[in-house]
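Colleague: I am new to this one. Could you show it to me and explain the reasons behind the labels you use?

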Amino acid sequence: MTGQVQRGRRAAAAREWRVAYQVLEDADAATPLAPDDLDRLATAAYMLGRDDDYVRALERAHRAHLEGGELPAAARCGFWIGLNLAVRGETSRGAGWFARAERLLDRHGEACVERGYLLLPAVLRAAGAADWEAATATAARAARIAERFADPDLLALAVHEQGHALVRQRRVGEGLRLLDEAMVAATAGELSPIVTGIVYCSVIAYCHELHELGRAGEWTDALSH
């Protein structure tokens, strides 16, 4: 019965995202969407697995933010485009977007939360090279920026990457505590839909790798509710 309920909830959520996407797409056909609504269109596309539409919507939002002189917002779009491309294996295109976003923040010249987001590619590069100490330190820097600017999405992403890196250093207890902390934010509805999914999938994968099946089941039940 529990499985049926969960499948029903997932199907209902997918229907809602399809409706949201269609409403935004129809509105865009009538009058081009503003940057914030393009961000919403991108989110709906992502939640439906429409990766190419997700990137196209974010590219439009990026250009609109640039035209409005909103460099940090344009850089944030660049970060998410780069991350999506990198995850899909298009590492060169992803690196190009990360570089563009960093250049925009250099032009901006002021402290902003987007600088924390752009530490995350460095975390991933360090993890790819198995330099877990560097990954831990860089993720901790991103977490401090998240706390300074009260950004729950960045904090959850940084904390869960820090937890992963600590686990790889055989500091399993410390790492699991951070992974649990990130999941508290995910299950409490404090995060955006995309970040909720990223954190949940990553943490559950780590739990299975560590044979923490009870922990994985507990968090899955919490998120389902």
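Modeller: Happy to; we can talk through some charged pairs and then a pocket, keeping in mind that this is a predicted model.

Colleague: Let's start with aspartate 37 and arginine 40. Why is this pair called a salt bridge?

Modeller: The label needs a side-chain nitrogen of Lys or Arg within 4 Å of a carboxyl oxygen of Asp or Glu. For aspartate 37 and arginine 40 the closest N and O atoms are 2.7 Å apart, so the pair meets that cut-off.

Colleague: And where do these two sit relative to each other in helix H2?

Modeller: Aspartate 37 and arginine 40 are 3 residues apart in helix H2, which covers residues 35-47, so about one helical turn separates them.

Colleague: What makes aspartate 37 partly exposed?

Modeller: Buried means under 20% relative accessible area and exposed means over 50%, with partly exposed in between. Aspartate 37 has 27% relative accessibility, so it counts as partly exposed. Its partner, arginine 40, has a relative accessible area of 48% and is therefore partly exposed too.

Colleague: How do you know that arginine 50 and aspartate 53 form a salt bridge?

Modeller: The closest N and O atoms of arginine 50 and aspartate 53 are 2.8 Å apart, and the cut-off is 4 Å, so the label applies. Arginine 50 is partly exposed because its relative accessibility is 33%.

Colleague: What about glutamate 90 and arginine 93: how far apart are the closest N and O atoms?

Modeller: They are 2.6 Å apart, and the two residues form a salt bridge. Glutamate 90, at 27% relative accessibility, counts as partly exposed, and arginine 93 does so at 42%.

Colleague: Which residues are linked with glutamate 90 in a network of salt bridges?

Modeller: The network joins Asp52, Arg88, Glu90 and Arg93. Across the whole structure, a search finds 11 salt bridges.

Colleague: Now the second largest pocket. What lines it?

Modeller: Its lining has 22 residues, and those nearest the centre are Leu83, Asn84, Ala86, Val87 and Leu124. Helices H3, H4, H5, H7 and H9 each give two or more residues to that lining. H4 provides the largest share, 6 residues. The volume of this pocket is about 510 Å³.

Colleague: How do the lining residues divide into nonpolar, polar and charged?

Modeller: There are 14 nonpolar, 4 polar and 4 charged residues in the lining. Among those nearest the centre, Leu83 is called nonpolar because Leu belongs to that class, whereas Asn84 counts as polar because Asn is in neither the nonpolar nor the charged list.

Conventions: Residues are numbered from 1 along each chain as its sequence is written. This is a predicted model: local features need pLDDT of at least 70, side-chain atom pairs count only at pLDDT 80 or more; totals for chains, interfaces and linings use all residues. Side-chain values use heavy atoms; hydrogens and water are left out. On a 1 Å grid over the protein atoms alone, a cavity is a set of points where a 1.4 Å probe fits but cannot get out, and a pocket is an open set with protein on both sides within 12 Å along at least five of seven lines; lining residues have an atom within 4 Å of a point. Grid points are joined across faces, edges and corners, and a volume is the space filled by probe spheres set on the points. Helices (H or I, at least four residues) and strands (E, at least two) are DSSP runs, numbered from the N terminus. Buried means under 20% relative accessible area, exposed over 50%, partly exposed in between (1.4 Å probe, protein chains only).
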